[in-house]
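Colleague: I would like to understand how the words used for a structure follow from the numbers behind them. Could we go through some of them together?

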Amino acid sequence: MCLAIPGRIVSLVPDEPHLGVVEVTGVRRRVDLGLLIEDMPKIGDWVLIHVGFAMSKISEQDAAEQMQLLTMLGEGEAAMDEVRGYGLEETAELRSVRGSPGTKKDRPLYQ
Amino acid sequence: MAHGAGGKASRRLVEGLFAPLLCGNSREPLGDAARVEIDGIPMAMTADSFVVKPLRFPGGSIGELAVNGTMNDLAVAGARGHSMVVTFVLEEGLPSSVLEAEVRAMSSALRRSGVAMVGGDTKVVERGKADGMYITTAGIGRPLPYLRVDARSVRPGDKVLLSGPIGDHGITILLARGDLDLEADLRSDTRCVLPLVEALGQEAGPGVRWMRDPTRGGVATSLNELARDCGLGICLLEEEIPIRDAVRGACELLGLDPLHIANEGQFLAVIAPEYADIALNALNNTPGGEAACIIGEVRKEPANAVLVSTQYGGSRIVDMLAGDPLPRIC
Amino acid sequence: MRYVDEFRDPELITKAAEEIRRLAEPERHYRIMEVCGGHTHAIYRFGLKDILPDNIELIHGPGCPVCVLPMGRIDDGLDIARKNDVIFAAFGDMMRVPGAHGSPFEHKARGTDVRIVYSPADALQIARRNPDRHVIFFAIGFETTAPSTALTLMRAKREDIHNFSVFCNHVTIVPAIRAILDSPDMRLDGFIGPGHVSTVIGCRPYEWIARAEGKPVVTSGFEPLDLLQSIVMLLRQLRAGEAKVENQYKRVVPWEGNRAALKAMAEVFELRPHFEWRGLGFISQSALRIRKEYAEWDSEQRFDVLETRVADPKAAQCGEVLKGVLKPAQCKLFGKECTPEHPIGALMVSSEGSCAAYYNYEYRKTASLVTEISSVA
């Protein structure tokens, strides 16, 4: 399971503190925010919606980091191979944030 | 209920019961309109029933659907509608203002299409039946000289054209029912597509192999019917299929596939490759056809099926609707 | 960011596929199970198998709540609705699932008041709007959906709505995974872990798989890039001889889970001593029932339940396909007696059941369809 999609909170329902309106590419839907009561989302936050309930807040930072990792797939490895070839040790830090000194390709920036 | 949804069950009903008993030994593939000859003069005829809840919705109403739907069935069969007759089945207690509104809507639609309503009938049934009203229209027209459509003329290499974005009508209706807590800025796409078909035919007539209007059951159902009728494979490119953001969003929220959603103002055309660009140009340069695009092509494999591929090389088979489009949450 | 299109970027997908090719050792055959039916569906919908190398085999797991629901439960729920003139509300996924006496849609055609809802809250709303009718919400799903049912029950209690009850078929994912690993025929290298269940239960519940069974687990999102990245992460672990739980779906899955959701579940539900899973048999402590504090809203307490038990036809090999021992096409009934239009087993009914997914999206890519015009039912 199952079908859950990201939506952005565009408004909160005035008399109902646990309800909000989310927007998913131009479609607006009321969702129940009751499961996020310990860290209520604000207007503008993105949440994951499943059967009319918000399950989790979407972390923009984690998403951006993930996109960064994906963009560097392959390039990072090539750079690491080069580095290993020189007999240099790979540290944990190097592994998690890969700059590619040898690469000339333009990497798309994510905000 | 599944038998009316436009997909496999409907087709079985028509092919398994109606056609053999009513149409004699005709081996012609089933089309949107029938070709008949009366004293040597070719005519095209069709009929369609309109059942929709609610009766009025953003972008149109049942009356408009009734006129446009029959005009479109004739148009995609390569004919220009000339005259129509209409029958109303009305629910007892239907306010006369509602009926009048629909008749006015039909009158405008008729005027826009240049077609005359030459007769009709009305029946009233007891309260609780007919969802307010059911409308059936039957239309007759002359085949356009520059168009001859037949699924059997489709060949590998032919291109598949779509007149515009899909899913608008079906999703609009779903939202208009008010059962869902969903709101979107969407309207039904109901319109008469004859001007577009005429433009297509005039510029690229000899290259037009087949046309259909993807109403109930959506693009997937129409193209699956084609695939079975011609024994070839229809291969679409996912990224080329035009879908409005709001339709996409609603489909995602409800777990529906836009390819199965009804349209009331679009049509599909299969065009010989050497005419494809001319055909597309003709549509793009006709008012209402700006969003027309090529969404795929015909191939030998997978035979009798519709395949949708993505840019990165993944693909999936898309089948006809089995019953009503079922939303899924899982 | 829309959080969807970015994860479908074709260039990045191609890159990820190349990385997978690079990481997969050519002499090795990898058997990776995706537990969750939603992942099975995504894999087919995005045609991901087309871009994976041949030595990576994706095995479909039992995480499809419709698939594992015993037929008898559908009969029981519909029976209550029919006998007591009750409104039967359920998700669209349930509508064509056959019980011994027909599916909810078929019952609807015969006069039972069956309605599709998109949320348990919709079902409660039907109850509010129809005070003289009782509404049963036929609840299905793993831990992703259970909290929403729980919150709805809490609201029904708070608002004193008494014409509403839940027929609870919620199940838990970990016992299903245990059943797979206990199966002697199963050889697996790693797991693509449940995505949305994990937003509720977090990643800790899978640690025993890595620790005790020595298999890596990567909880994954549902977009093509999510699944491919998860496979990359699994291959990296396997290459390094590691076995740990990693969270690919970090943007949405908190390692500790959703406390409010777990609290709501604990307030309303308790574990049944055992529950019969279709295809997997009886598994203890694997399903939820409603606590006695909410008995008023428990359909099984408000109404007489027949406790129908229906056996699957002997020829149907649902259990083996469910456990990943057999591929859908290897079941003798697949594509012949059992198709999405006339499903015999549950795996063909649910759109995320492996048989239905395979049949709908993949099967006819190579086989030529035999056009059949069967007689009208």
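**From values to words**

Modeller: Let us begin with the contact between two chains, which takes 51 residues from chain C and 43 residues from chain A. Please keep in mind that this is a predicted model.

Colleague: How much area do chain C and chain A bury between them, and on which atoms?

Modeller: Chain C and chain A bury about 3,800 Å² between them, and 60% of this area is on carbon and sulfur atoms. The size of an interface is often given in this way, as the accessible area lost when the parts come together.

Colleague: What makes the link of A:D32 with C:R155 a salt bridge?

Modeller: The closest N and O atoms of A:D32 and C:R155 are 2.8 Å apart, and a salt bridge requires a side-chain nitrogen of Lys or Arg within 4 Å of a carboxyl oxygen of Asp or Glu, so the pair qualifies. Between chain C and chain A the count is three salt bridges, and twelve residue pairs are in polar contact, with both residues at pLDDT 80 or more. On the side of chain C that touches chain A, the residues divide into 24 nonpolar, 14 polar and 13 charged.

Colleague: Why is A:D45 counted as buried or exposed?

Modeller: The relative accessibility of A:D45 is 18%, and buried means under 20%, so A:D45 counts as buried. This residue lies in the loop between strand 3 (27-32) and strand 4 (46-50) of chain A. Leaving aside residues up to four places away in sequence, A:D45 touches A:G7, A:R8, A:I9 and A:K57, while the side chain of A:D45 reaches the backbone nitrogen of A:K42 at 2.7 Å.

Colleague: How many aromatic pairs are there over all chains, and why is the pair of C:F88 and C:F138 called tilted?

Modeller: The count comes to nine aromatic pairs over all chains. In the pair of C:F88 and C:F138, the rings are 5.4 Å apart centre to centre, with 35 degrees between the planes. Centres within 6.5 Å make a pair, and an angle that is neither under 30 degrees nor over 60 counts as tilted, so that word applies to C:F88 and C:F138. The pair links distant parts of the chain, with C:F88 in strand 3 (residues 87-90) and C:F138 in strand 5 (residues 135-141) of chain C, 50 residues apart. Both C:F88 and C:F138 are buried.

Colleague: Which residues form one aromatic cluster?

Modeller: That cluster is formed by C:Y44, C:F334, C:Y358 and C:Y359.

Technical notes: Residues numbered from 1 in each chain as written. Chains lettered and ligands numbered in written order. Predicted model: local features only at pLDDT ≥ 70, side-chain atom pairs only at ≥ 80, totals over all residues. Heavy atoms only, no water. Contact = heavy atoms within 4.5 Å. Buried area = accessible area lost by both parts, 1.4 Å probe. Polar contact = N/O pair within 3.5 Å; in protein donor to acceptor, adjacent residues only side chain to side chain. Nonpolar A, V, L, I, M, F, W, Y, C, P; charged D, E, K, R; others polar. Phe/Tyr/Trp six-rings, centres within 6.5 Å; stacked < 30°, edge-to-face > 60°. Helix = DSSP H or I, 4+ residues; strand = E, 2+ residues; numbered from the N terminus. Buried < 20%, exposed > 50% of the residue type's maximum accessible area, 1.4 Å probe, protein only.
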